[in-house]
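Welcome! Below are some short exercises to work through with the structure open beside you, each followed by a step-by-step solution. Take a look around first, then begin.

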Amino acid sequence: MADPRADQAFQRSIHMRAPAGAATRTETDGLGTQQIPADAYWGINVSRALDNFAISGRPISVYPDLLFGYACVKQAAARANAEIGALDATRAELIDRACEDIKGGKLHDQFIVDIMQGGAGTSTNMNFNEVIANRGLELAGHPKGRYEYLDPNDHVNRSQSTNDTYPTAFKVGLILSIERLLAELELLERAFRDKGREFAGIVKVGRTQLQDAVPMTLGQEFEGFAVTLARDHASLKGAIRCLREVNLGATAIGTGIAADPRFVEAARKHLAAITGWPIVTAPNLIEATSDVGVFMQVSGTLKRSAMKLSKICNDLRLLGSGPQAGFNEINLPPRQAGSSIMPGKVNPVIPEVVNEVAFAVAGGDVTLTMAAEAGQLQLNAFGPVMAHVLFENLKWMTAALETLRVNCVMGITANRERLAHQMTSFVGVITAFIPHIGYAAATTLAREALATNSSIADLVVASGLLTREQVIELLSAEHLTRSGPAH
(Lines give C-alpha, C1' and ligand atoms only; values in the text may rest on other atoms or scores of the structure.)
Protein backbone atom coordinates (compact mmCIF):
# COMPACT_ATOMS: atom_id res chain seq x y z
CA MET A 1 0.00 0.00 0.00
CA ALA A 2 1.23 3.47 -0.83
CA ASP A 3 2.67 5.56 1.98
CA PRO A 4 -0.01 8.17 2.86
CA ARG A 5 2.71 10.75 3.52
CA ALA A 6 4.10 10.21 0.04
CA ASP A 7 0.64 10.52 -1.44
CA GLN A 8 0.08 13.74 0.49
CA ALA A 9 3.36 15.15 -0.78
CA PHE A 10 2.43 14.11 -4.32
CA GLN A 11 -0.99 15.70 -4.05
CA ARG A 12 0.41 18.97 -2.73
CA SER A 13 3.14 19.10 -5.35
CA ILE A 14 0.58 18.57 -8.12
CA HIS A 15 -1.57 21.37 -6.79
CA MET A 16 1.17 23.92 -6.18
CA ARG A 17 0.61 27.03 -8.23
CA ALA A 18 2.95 26.99 -11.16
CA PRO A 19 6.21 28.82 -10.42
CA ALA A 20 6.83 32.16 -12.03
CA GLY A 21 7.26 31.77 -15.74
CA ALA A 22 5.62 28.32 -15.91
CA ALA A 23 2.80 27.87 -18.38
CA THR A 24 -0.74 28.03 -17.02
CA ARG A 25 -4.24 28.28 -18.38
CA THR A 26 -7.16 30.23 -16.96
CA GLU A 27 -10.37 28.43 -16.03
CA THR A 28 -13.56 29.96 -14.69
CA ASP A 29 -16.56 28.61 -12.80
CA GLY A 30 -19.44 30.14 -10.86
CA LEU A 31 -17.11 30.97 -7.95
CA GLY A 32 -14.46 32.79 -9.92
CA THR A 33 -11.24 32.20 -11.87
CA GLN A 34 -8.14 30.10 -11.17
CA GLN A 35 -4.84 29.41 -12.88
CA ILE A 36 -4.37 25.73 -13.75
CA PRO A 37 -1.03 24.20 -14.80
CA ALA A 38 -1.13 24.12 -18.58
CA ASP A 39 -0.19 20.44 -18.82
CA ALA A 40 -2.78 19.24 -16.27
CA TYR A 41 -5.69 17.21 -17.61
CA TRP A 42 -7.79 18.19 -14.59
CA GLY A 43 -9.34 21.62 -14.25
CA ILE A 44 -10.90 24.13 -11.89
CA ASN A 45 -13.28 21.74 -10.13
CA VAL A 46 -10.40 19.48 -9.17
CA SER A 47 -8.35 22.50 -8.14
CA ARG A 48 -11.06 23.57 -5.71
CA ALA A 49 -11.41 20.01 -4.38
CA LEU A 50 -7.70 19.92 -3.62
CA ASP A 51 -8.09 23.11 -1.59
CA ASN A 52 -11.12 21.80 0.29
CA PHE A 53 -10.36 18.14 0.90
CA ALA A 54 -6.75 17.74 2.00
CA ILE A 55 -7.84 14.98 4.37
CA SER A 56 -6.34 11.54 3.83
CA GLY A 57 -3.44 12.47 1.58
CA ARG A 58 -4.48 9.63 -0.74
CA PRO A 59 -5.89 10.31 -4.22
CA ILE A 60 -8.74 8.29 -5.71
CA SER A 61 -6.21 6.67 -8.04
CA VAL A 62 -5.21 4.35 -5.17
CA TYR A 63 -8.36 2.42 -6.13
CA PRO A 64 -7.87 1.59 -9.84
CA ASP A 65 -11.05 -0.50 -9.91
CA LEU A 66 -13.04 2.67 -9.17
CA LEU A 67 -11.25 4.45 -12.03
CA PHE A 68 -12.03 1.57 -14.39
CA GLY A 69 -15.66 1.56 -13.31
CA TYR A 70 -16.06 5.29 -13.83
CA ALA A 71 -14.42 5.13 -17.27
CA CYS A 72 -16.89 2.38 -18.24
CA VAL A 73 -19.82 4.52 -17.09
CA LYS A 74 -18.66 7.64 -18.97
CA GLN A 75 -18.01 5.56 -22.05
CA ALA A 76 -21.47 3.99 -21.89
CA ALA A 77 -23.06 7.42 -21.44
CA ALA A 78 -21.23 8.83 -24.47
CA ARG A 79 -22.33 5.93 -26.65
CA ALA A 80 -25.91 6.21 -25.40
CA ASN A 81 -26.00 9.96 -26.02
CA ALA A 82 -24.71 9.45 -29.55
CA GLU A 83 -27.27 6.71 -30.19
CA ILE A 84 -30.25 8.85 -29.16
CA GLY A 85 -28.90 11.99 -30.85
CA ALA A 86 -28.15 13.90 -27.66
CA LEU A 87 -24.43 14.21 -28.57
CA ASP A 88 -22.75 14.45 -31.93
CA ALA A 89 -20.73 11.50 -33.11
CA THR A 90 -17.42 13.38 -33.17
CA ARG A 91 -17.54 14.40 -29.51
CA ALA A 92 -18.86 11.00 -28.48
CA GLU A 93 -15.94 9.33 -30.22
CA LEU A 94 -13.41 11.58 -28.46
CA ILE A 95 -14.97 10.77 -25.07
CA ASP A 96 -14.98 7.09 -25.96
CA ARG A 97 -11.29 7.11 -26.87
CA ALA A 98 -10.34 8.99 -23.69
CA CYS A 99 -12.25 6.42 -21.61
CA GLU A 100 -10.41 3.61 -23.37
CA ASP A 101 -7.14 5.25 -22.36
CA ILE A 102 -8.22 5.36 -18.72
CA LYS A 103 -9.45 1.77 -18.78
CA GLY A 104 -6.07 0.79 -20.19
CA GLY A 105 -4.26 2.38 -17.24
CA LYS A 106 -3.34 5.72 -18.74
CA LEU A 107 -3.81 9.12 -17.07
CA HIS A 108 -4.26 7.57 -13.62
CA ASP A 109 -1.86 10.16 -12.19
CA GLN A 110 -4.43 12.81 -13.10
CA PHE A 111 -7.07 11.48 -10.72
CA ILE A 112 -5.89 13.35 -7.69
CA VAL A 113 -8.90 14.39 -5.62
CA ASP A 114 -8.79 12.99 -2.10
CA ILE A 115 -10.63 9.74 -1.44
CA MET A 116 -12.32 11.56 1.46
CA GLN A 117 -14.52 14.32 0.08
CA GLY A 118 -17.81 16.04 0.71
CA GLY A 119 -20.42 16.42 -1.98
CA ALA A 120 -21.50 12.79 -2.50
CA GLY A 121 -18.62 12.22 -4.92
CA THR A 122 -19.08 15.30 -7.10
CA SER A 123 -15.35 16.02 -6.99
CA THR A 124 -14.65 12.52 -8.27
CA ASN A 125 -17.22 12.87 -11.04
CA MET A 126 -15.75 16.22 -12.09
CA ASN A 127 -12.23 14.82 -11.96
CA PHE A 128 -13.38 12.35 -14.60
CA ASN A 129 -15.30 14.91 -16.62
CA GLU A 130 -12.31 17.25 -16.76
CA VAL A 131 -9.67 14.62 -17.49
CA ILE A 132 -11.81 13.03 -20.21
CA ALA A 133 -12.59 16.41 -21.76
CA ASN A 134 -8.97 17.52 -21.85
CA ARG A 135 -7.76 14.17 -23.17
CA GLY A 136 -10.44 14.39 -25.85
CA LEU A 137 -9.32 17.90 -26.74
CA GLU A 138 -5.76 16.64 -27.00
CA LEU A 139 -6.84 13.82 -29.30
CA ALA A 140 -8.65 16.36 -31.49
CA GLY A 141 -5.58 18.61 -31.67
CA HIS A 142 -6.91 21.34 -29.39
CA PRO A 143 -5.16 22.83 -26.35
CA LYS A 144 -6.33 21.73 -22.92
CA GLY A 145 -9.00 23.97 -21.49
CA ARG A 146 -10.64 24.88 -24.83
CA TYR A 147 -13.96 23.63 -23.58
CA GLU A 148 -15.98 25.23 -26.36
CA TYR A 149 -14.93 22.19 -28.40
CA LEU A 150 -15.47 19.56 -25.68
CA ASP A 151 -16.90 20.63 -22.34
CA PRO A 152 -16.67 18.62 -19.09
CA ASN A 153 -20.27 19.39 -18.11
CA ASP A 154 -22.15 19.97 -21.34
CA HIS A 155 -20.63 17.06 -23.25
CA VAL A 156 -18.82 14.55 -21.02
CA ASN A 157 -21.49 14.79 -18.30
CA ARG A 158 -24.43 14.98 -20.74
CA SER A 159 -27.58 13.21 -19.41
CA GLN A 160 -25.79 12.41 -16.15
CA SER A 161 -25.34 13.47 -12.53
CA THR A 162 -22.89 12.52 -9.83
CA ASN A 163 -25.83 10.86 -8.14
CA ASP A 164 -26.25 8.19 -10.78
CA THR A 165 -22.73 7.91 -12.20
CA TYR A 166 -20.91 7.60 -8.88
CA PRO A 167 -22.91 4.68 -7.45
CA THR A 168 -22.92 2.93 -10.84
CA ALA A 169 -19.15 3.28 -11.22
CA PHE A 170 -18.77 2.21 -7.58
CA LYS A 171 -20.72 -0.98 -8.32
CA VAL A 172 -18.74 -1.79 -11.46
CA GLY A 173 -15.49 -1.33 -9.55
CA LEU A 174 -16.74 -3.46 -6.65
CA ILE A 175 -17.59 -6.34 -8.96
CA LEU A 176 -14.01 -6.30 -10.26
CA SER A 177 -12.61 -6.24 -6.71
CA ILE A 178 -14.92 -9.00 -5.51
CA GLU A 179 -14.07 -11.21 -8.48
CA ARG A 180 -10.39 -10.85 -7.59
CA LEU A 181 -11.18 -11.75 -3.98
CA LEU A 182 -13.23 -14.77 -5.07
CA ALA A 183 -10.32 -16.09 -7.13
CA GLU A 184 -8.04 -15.98 -4.07
CA LEU A 185 -10.75 -17.42 -1.83
CA GLU A 186 -11.15 -20.38 -4.16
CA LEU A 187 -7.41 -21.01 -4.14
CA LEU A 188 -7.30 -20.93 -0.34
CA GLU A 189 -10.28 -23.27 -0.12
CA ARG A 190 -8.46 -25.68 -2.45
CA ALA A 191 -5.31 -25.48 -0.32
CA PHE A 192 -7.27 -26.45 2.81
CA ARG A 193 -8.94 -29.33 0.94
CA ASP A 194 -5.52 -30.56 -0.19
CA LYS A 195 -4.35 -30.53 3.42
CA GLY A 196 -7.55 -32.30 4.43
CA ARG A 197 -6.69 -35.17 2.08
CA GLU A 198 -3.07 -35.19 3.21
CA PHE A 199 -4.09 -35.45 6.88
CA ALA A 200 -7.07 -37.79 6.33
CA GLY A 201 -5.71 -40.75 8.31
CA ILE A 202 -4.30 -38.84 11.28
CA VAL A 203 -6.50 -39.29 14.37
CA LYS A 204 -6.40 -36.55 16.98
CA VAL A 205 -8.27 -35.16 19.96
CA GLY A 206 -11.24 -32.97 19.14
CA ARG A 207 -11.98 -30.17 21.58
CA THR A 208 -14.99 -28.14 22.68
CA GLN A 209 -14.56 -25.09 24.94
CA LEU A 210 -10.82 -25.88 24.88
CA GLN A 211 -11.50 -29.12 26.77
CA ASP A 212 -10.90 -32.63 25.42
CA ALA A 213 -13.98 -33.90 23.58
CA VAL A 214 -14.01 -36.87 21.18
CA PRO A 215 -11.66 -38.12 18.46
CA MET A 216 -11.57 -36.77 14.93
CA THR A 217 -8.99 -36.69 12.16
CA LEU A 218 -6.77 -33.77 11.39
CA GLY A 219 -8.07 -34.13 7.85
CA GLN A 220 -11.63 -33.53 9.02
CA GLU A 221 -10.49 -30.40 10.81
CA PHE A 222 -8.88 -28.96 7.68
CA GLU A 223 -11.77 -30.06 5.47
CA GLY A 224 -14.03 -28.07 7.80
CA PHE A 225 -11.92 -24.98 7.14
CA ALA A 226 -12.37 -25.52 3.40
CA VAL A 227 -16.13 -25.91 3.65
CA THR A 228 -16.62 -22.69 5.64
CA LEU A 229 -14.64 -20.80 3.00
CA ALA A 230 -16.75 -22.34 0.23
CA ARG A 231 -19.91 -21.02 1.89
CA ASP A 232 -18.45 -17.51 1.90
CA HIS A 233 -17.60 -17.91 -1.77
CA ALA A 234 -21.27 -18.52 -2.54
CA SER A 235 -22.39 -15.53 -0.44
CA LEU A 236 -20.02 -13.13 -2.18
CA LYS A 237 -21.14 -14.35 -5.61
CA GLY A 238 -24.68 -13.53 -4.54
CA ALA A 239 -23.59 -9.99 -3.71
CA ILE A 240 -22.25 -9.57 -7.24
CA ARG A 241 -25.69 -10.29 -8.66
CA CYS A 242 -27.14 -7.44 -6.58
CA LEU A 243 -24.42 -5.04 -7.72
CA ARG A 244 -25.46 -5.46 -11.35
CA GLU A 245 -28.59 -3.39 -10.68
CA VAL A 246 -27.79 0.28 -11.36
CA ASN A 247 -29.49 3.69 -11.41
CA LEU A 248 -27.67 5.13 -14.43
CA GLY A 249 -30.02 7.62 -16.07
CA ALA A 250 -31.64 8.64 -12.79
CA THR A 251 -29.65 11.91 -12.89
CA ALA A 252 -30.10 14.06 -9.76
CA ILE A 253 -32.74 12.30 -7.65
CA GLY A 254 -34.18 9.55 -9.83
CA THR A 255 -36.60 11.52 -12.00
CA GLY A 256 -34.23 11.59 -14.97
CA ILE A 257 -34.36 15.37 -15.26
CA ALA A 258 -32.13 16.83 -18.03
CA ALA A 259 -31.89 13.45 -19.76
CA ASP A 260 -33.83 12.11 -22.73
CA PRO A 261 -36.18 9.33 -21.56
CA ARG A 262 -34.46 6.99 -24.02
CA PHE A 263 -31.12 7.48 -22.29
CA VAL A 264 -31.77 5.04 -19.41
CA GLU A 265 -32.12 1.95 -21.57
CA ALA A 266 -29.47 3.03 -24.05
CA ALA A 267 -26.93 3.61 -21.27
CA ARG A 268 -27.79 0.28 -19.60
CA LYS A 269 -27.37 -1.56 -22.89
CA HIS A 270 -23.99 0.01 -23.60
CA LEU A 271 -22.70 -0.50 -20.06
CA ALA A 272 -23.65 -4.17 -20.30
CA ALA A 273 -21.80 -4.45 -23.60
CA ILE A 274 -18.72 -2.67 -22.27
CA THR A 275 -18.47 -4.73 -19.06
CA GLY A 276 -19.76 -8.02 -20.42
CA TRP A 277 -22.13 -8.31 -17.44
CA PRO A 278 -25.94 -8.57 -17.39
CA ILE A 279 -26.49 -5.02 -16.13
CA VAL A 280 -30.10 -4.17 -15.25
CA THR A 281 -31.79 -0.87 -14.44
CA ALA A 282 -33.35 -0.58 -10.98
CA PRO A 283 -37.16 -0.77 -11.14
CA ASN A 284 -37.58 2.48 -9.17
CA LEU A 285 -34.87 5.04 -9.81
CA ILE A 286 -35.89 7.36 -6.99
CA GLU A 287 -35.53 4.53 -4.48
CA ALA A 288 -32.32 3.31 -6.11
CA THR A 289 -30.73 6.78 -5.96
CA SER A 290 -31.33 7.17 -2.24
CA ASP A 291 -30.78 3.55 -1.14
CA VAL A 292 -27.34 2.13 -0.32
CA GLY A 293 -28.48 -1.24 0.99
CA VAL A 294 -26.39 -3.19 -1.50
CA PHE A 295 -23.20 -1.63 -0.12
CA MET A 296 -24.22 -2.66 3.38
CA GLN A 297 -24.86 -6.17 2.05
CA VAL A 298 -21.40 -6.36 0.49
CA SER A 299 -19.75 -4.98 3.62
CA GLY A 300 -21.67 -7.32 5.90
CA THR A 301 -20.85 -10.34 3.76
CA LEU A 302 -17.21 -9.35 3.67
CA LYS A 303 -17.16 -8.88 7.45
CA ARG A 304 -18.68 -12.31 7.95
CA SER A 305 -16.03 -13.84 5.72
CA ALA A 306 -13.29 -11.93 7.56
CA MET A 307 -14.50 -13.10 10.98
CA LYS A 308 -14.69 -16.72 9.87
CA LEU A 309 -11.22 -16.47 8.37
CA SER A 310 -9.95 -14.92 11.58
CA LYS A 311 -11.41 -17.81 13.57
CA ILE A 312 -9.58 -20.27 11.30
CA CYS A 313 -6.36 -18.36 11.94
CA ASN A 314 -7.01 -18.53 15.70
CA ASP A 315 -7.33 -22.31 15.35
CA LEU A 316 -4.10 -22.55 13.35
CA ARG A 317 -2.27 -20.56 16.01
CA LEU A 318 -3.62 -22.81 18.76
CA LEU A 319 -2.89 -26.06 16.90
CA GLY A 320 0.64 -24.85 16.19
CA SER A 321 1.29 -23.44 19.66
CA GLY A 322 4.37 -24.56 21.54
CA PRO A 323 6.55 -26.16 20.46
CA GLN A 324 7.13 -27.60 23.92
CA ALA A 325 4.38 -26.25 26.16
CA GLY A 326 1.54 -25.86 23.66
CA PHE A 327 -0.70 -28.04 21.49
CA ASN A 328 2.07 -28.60 18.93
CA GLU A 329 -0.20 -30.69 16.72
CA ILE A 330 0.83 -28.98 13.50
CA ASN A 331 3.87 -27.05 12.34
CA LEU A 332 3.30 -23.68 10.70
CA PRO A 333 6.04 -22.72 8.25
CA PRO A 334 8.65 -20.56 10.00
CA ARG A 335 8.65 -17.21 8.22
CA GLN A 336 10.86 -14.97 10.36
CA ALA A 337 12.57 -14.68 13.72
CA GLY A 338 9.96 -14.21 16.42
CA SER A 339 11.83 -12.27 19.06
CA SER A 340 14.60 -9.77 19.51
CA ILE A 341 15.42 -11.25 22.92
CA MET A 342 14.35 -14.93 22.93
CA PRO A 343 16.66 -17.01 20.71
CA GLY A 344 14.98 -19.56 18.46
CA LYS A 345 11.47 -18.25 18.96
CA VAL A 346 9.25 -18.32 15.86
CA ASN A 347 5.80 -16.73 15.91
CA PRO A 348 2.68 -17.46 13.80
CA VAL A 349 3.02 -14.14 12.01
CA ILE A 350 0.98 -15.04 8.94
CA PRO A 351 -2.22 -15.98 10.80
CA GLU A 352 -1.63 -12.95 13.02
CA VAL A 353 -1.57 -10.50 10.12
CA VAL A 354 -4.74 -12.06 8.74
CA ASN A 355 -6.34 -11.53 12.16
CA GLU A 356 -5.36 -7.86 11.94
CA VAL A 357 -6.93 -7.49 8.49
CA ALA A 358 -10.13 -9.04 9.85
CA PHE A 359 -10.21 -6.50 12.66
CA ALA A 360 -9.85 -3.68 10.13
CA VAL A 361 -12.65 -5.11 7.99
CA ALA A 362 -14.94 -5.24 11.02
CA GLY A 363 -14.15 -1.62 11.83
CA GLY A 364 -14.78 -0.62 8.23
CA ASP A 365 -18.19 -2.26 8.36
CA VAL A 366 -19.10 -0.08 11.35
CA THR A 367 -18.03 3.01 9.40
CA LEU A 368 -20.05 2.01 6.36
CA THR A 369 -23.12 1.20 8.46
CA MET A 370 -23.04 4.64 10.04
CA ALA A 371 -22.60 6.26 6.63
CA ALA A 372 -25.55 4.32 5.26
CA GLU A 373 -27.77 5.38 8.16
CA ALA A 374 -26.81 9.05 7.65
CA GLY A 375 -28.53 9.35 4.28
CA GLN A 376 -31.28 11.97 4.06
CA LEU A 377 -34.31 12.18 1.81
CA GLN A 378 -33.42 11.59 -1.87
CA LEU A 379 -29.65 11.03 -1.52
CA ASN A 380 -26.98 9.57 0.69
CA ALA A 381 -24.03 11.99 0.56
CA PHE A 382 -21.49 9.57 2.00
CA GLY A 383 -20.67 7.36 -0.96
CA PRO A 384 -16.98 8.35 -0.90
CA VAL A 385 -16.33 6.94 2.56
CA MET A 386 -18.29 3.80 1.66
CA ALA A 387 -16.15 3.40 -1.44
CA HIS A 388 -12.99 3.91 0.58
CA VAL A 389 -14.05 1.30 3.14
CA LEU A 390 -15.07 -1.35 0.64
CA PHE A 391 -12.23 -0.96 -1.85
CA GLU A 392 -9.64 -0.93 0.93
CA ASN A 393 -11.17 -3.88 2.78
CA LEU A 394 -11.45 -5.92 -0.41
CA LYS A 395 -7.87 -5.09 -1.32
CA TRP A 396 -6.58 -6.08 2.12
CA MET A 397 -8.67 -9.23 2.32
CA THR A 398 -7.49 -10.38 -1.10
CA ALA A 399 -3.87 -9.89 -0.06
CA ALA A 400 -4.51 -11.62 3.26
CA LEU A 401 -6.00 -14.69 1.55
CA GLU A 402 -2.97 -14.95 -0.70
CA THR A 403 -0.38 -14.64 2.04
CA LEU A 404 -2.23 -17.15 4.23
CA ARG A 405 -2.29 -19.68 1.42
CA VAL A 406 1.22 -19.20 0.06
CA ASN A 407 3.13 -18.42 3.24
CA CYS A 408 1.27 -20.65 5.68
CA VAL A 409 -1.32 -23.25 4.67
CA MET A 410 0.58 -24.84 1.81
CA GLY A 411 3.55 -25.50 4.11
CA ILE A 412 1.72 -26.87 7.17
CA THR A 413 2.86 -30.28 8.39
CA ALA A 414 1.43 -32.60 11.04
CA ASN A 415 3.23 -33.72 14.19
CA ARG A 416 2.15 -37.32 13.71
CA GLU A 417 4.07 -38.82 16.63
CA ARG A 418 2.67 -36.34 19.12
CA LEU A 419 -0.88 -36.90 17.88
CA ALA A 420 -0.46 -40.67 18.05
CA HIS A 421 0.86 -40.40 21.60
CA GLN A 422 -2.13 -38.29 22.63
CA MET A 423 -4.57 -40.84 21.30
CA THR A 424 -3.02 -43.74 23.25
CA SER A 425 -3.92 -42.08 26.55
CA PHE A 426 -7.04 -40.17 25.50
CA VAL A 427 -9.90 -40.85 27.90
CA GLY A 428 -12.41 -39.28 25.54
CA VAL A 429 -12.56 -42.45 23.44
CA ILE A 430 -14.84 -43.87 26.14
CA THR A 431 -17.67 -42.03 24.33
CA ALA A 432 -17.45 -44.63 21.56
CA PHE A 433 -18.34 -47.37 24.10
CA ILE A 434 -21.52 -45.72 25.46
CA PRO A 435 -23.92 -47.52 23.06
CA HIS A 436 -22.46 -50.84 24.23
CA ILE A 437 -21.81 -50.35 27.98
CA GLY A 438 -24.06 -47.43 28.93
CA TYR A 439 -23.36 -43.88 30.11
CA ALA A 440 -23.05 -44.71 33.84
CA ALA A 441 -20.47 -47.46 33.37
CA ALA A 442 -18.54 -45.29 30.89
CA THR A 443 -18.46 -42.41 33.41
CA THR A 444 -17.10 -44.69 36.17
CA LEU A 445 -14.38 -46.07 33.90
CA ALA A 446 -13.41 -42.59 32.64
CA ARG A 447 -12.95 -41.33 36.20
CA GLU A 448 -10.85 -44.35 37.06
CA ALA A 449 -8.67 -43.88 33.99
CA LEU A 450 -8.04 -40.24 34.85
CA ALA A 451 -7.32 -41.00 38.50
CA THR A 452 -4.96 -43.90 37.83
CA ASN A 453 -3.54 -42.81 34.46
CA SER A 454 -4.61 -46.19 33.12
CA SER A 455 -5.53 -47.22 29.58
CA ILE A 456 -9.24 -46.94 28.87
CA ALA A 457 -9.04 -49.97 26.60
CA ASP A 458 -7.50 -52.10 29.33
CA LEU A 459 -10.03 -50.95 31.93
CA VAL A 460 -12.98 -51.73 29.63
CA VAL A 461 -11.65 -55.24 28.96
CA ALA A 462 -10.89 -55.79 32.66
CA SER A 463 -14.45 -54.79 33.56
CA GLY A 464 -15.74 -57.67 31.47
CA LEU A 465 -18.15 -55.40 29.62
CA LEU A 466 -16.46 -55.90 26.24
CA THR A 467 -13.91 -58.30 24.77
CA ARG A 468 -10.50 -57.18 23.56
CA GLU A 469 -11.59 -57.76 19.97
CA GLN A 470 -14.67 -55.60 20.43
CA VAL A 471 -12.58 -52.84 22.02
CA ILE A 472 -10.07 -52.88 19.16
CA GLU A 473 -12.85 -52.62 16.60
CA LEU A 474 -14.53 -49.73 18.42
CA LEU A 475 -11.22 -47.89 18.70
CA SER A 476 -10.45 -48.06 14.98
CA ALA A 477 -9.94 -44.70 13.30
CA GLU A 478 -12.90 -45.24 10.97
CA HIS A 479 -15.25 -45.99 13.88
CA LEU A 480 -13.97 -43.21 16.12
CA THR A 481 -14.13 -40.47 13.50
CA ARG A 482 -16.69 -41.80 11.00
CA SER A 483 -14.16 -40.62 8.46
CA GLY A 484 -14.33 -43.56 6.04
CA PRO A 485 -11.78 -43.89 3.26
CA ALA A 486 -10.01 -40.75 2.13
CA HIS A 487 -11.36 -39.17 -1.06
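**Exercise 1.** Decide whether T398 is buried or exposed, and find which residues T398 is in contact with, leaving aside neighbours within four places in sequence.

*Solution.* Start with the accessible area: T398 has a relative value of 12%, so this residue is buried. Keep in mind that you are looking at a predicted model. Next, find the element: T398 sits in helix α13, which runs over residues 383-407. Finally, look around the residue. Once neighbours within four places in sequence are set aside, T398 touches S177, R180, L181 and E184.

**Exercise 2.** Find where the domains of the chain lie and what distance separates the centres of domain 1 and domain 3.

*Solution.* First, mark the assigned domains: domain 1 covers 35-158, domain 2 covers 164-416 and domain 3 covers 426-475. Then take the centres over C-alpha atoms; those of domain 1 and domain 3 are 76 Å apart. As a further step, compare with the record: an unreviewed UniProt entry annotates residues 33-363 as "domain: Fumarate lyase N-terminal". Over residues 33-363, the chain is 58% helix and 7% strand, with 41 Å between the end C-alpha atoms.

**Exercise 3.** Work out whether G464 is buried or exposed, and how many Å separate the C-alpha atoms of G464 and E184.

*Solution.* Locate the residue first: G464 belongs to the loop between α17 (456-463) and α18 (468-474). The relative accessible area of G464 is 60%, so the residue is exposed. Now jump to E184, which is 280 residues away along the chain; the two C-alpha atoms are 55 Å apart. You have met E184 already, as one of the contacts of T398.

**Exercise 4.** D164 is buried yet has no salt bridge. Find which side chain of opposite charge is nearest, and which backbone nitrogen lies 2.9 Å from a polar atom of the D164 side chain.

*Solution.* Begin in helix α7 (residues 162-198), where D164 is found. Search for opposite charge: the nearest such side chain is K74, at 7.3 Å. A salt bridge needs the nitrogen and the carboxyl oxygen within 4 Å, so K74 does not form one with D164. Now turn to the backbone: the nitrogen of S161 is 2.9 Å from a polar atom of the D164 side chain. To complete the surroundings, add the contacts beyond four places in sequence, namely S159, N247, L248, G249, A250 and T251.

**Exercise 5.** Find how many salt bridges are counted, and examine the pairs E83 with K269, K144 with E138 and E186 with R190.

*Solution.* The count comes to 29 salt bridges. In the pair of E83 and K269, the closest N and O atoms are 2.9 Å apart. This pair links distant parts of the chain, 186 residues apart: E83 is in helix α3 (residues 64-84) and K269 in helix α9 (residues 263-275). Both ends are partly exposed, E83 at 44% relative accessibility and K269 at 36%.

Move on to K144 and E138, whose side chains meet at 3.5 Å, N to O. Here K144 is buried at 19%, whereas E138 is partly exposed at 31%.

Last come E186 and R190, with 3.8 Å from N to O. These two are about one helical turn apart, because they are four residues apart in helix α7. E186 is partly exposed at 38%, and R190 is partly exposed at 43%. Elsewhere, salt bridges with shared partners join D101, K106, R135, E138 and K144 into one network.

**Exercise 6.** Look at the backbone and find which peptide bond to P323 is cis, and what phi N328 and L377 have.

*Solution.* Recall the usual pattern: most peptide bonds are trans, and most residues other than glycine have a negative phi. Then check the bond from G322 to P323, which is cis with omega near 10°. P323 is placed in the loop between α11 (293-319) and β7 (330-331), and N328 is found in the loop between α11 and β7 as well. The phi of N328 is positive, near 55°, and this residue is buried at 13% relative accessibility. L377 also has a positive phi, about 55°, but lies in the loop between α12 (349-373) and α13. At 76% relative accessibility, L377 is exposed.

Terms used:
Residues numbered from 1 in each chain as written. Predicted model: local features only at pLDDT ≥ 70, side-chain atom pairs only at ≥ 80, totals over all residues. Heavy atoms only, no water. Domains from an automatic or database assignment. UniProt positions renumbered as here; feature names shortened; annotations may be inferred. Buried < 20%, exposed > 50% of the residue type's maximum accessible area, 1.4 Å probe, protein only. Lys, Arg positive; Asp, Glu negative; His and termini not counted. Polar contact = N/O pair within 3.5 Å; in protein donor to acceptor, adjacent residues only side chain to side chain. Contact = heavy atoms within 4.5 Å.
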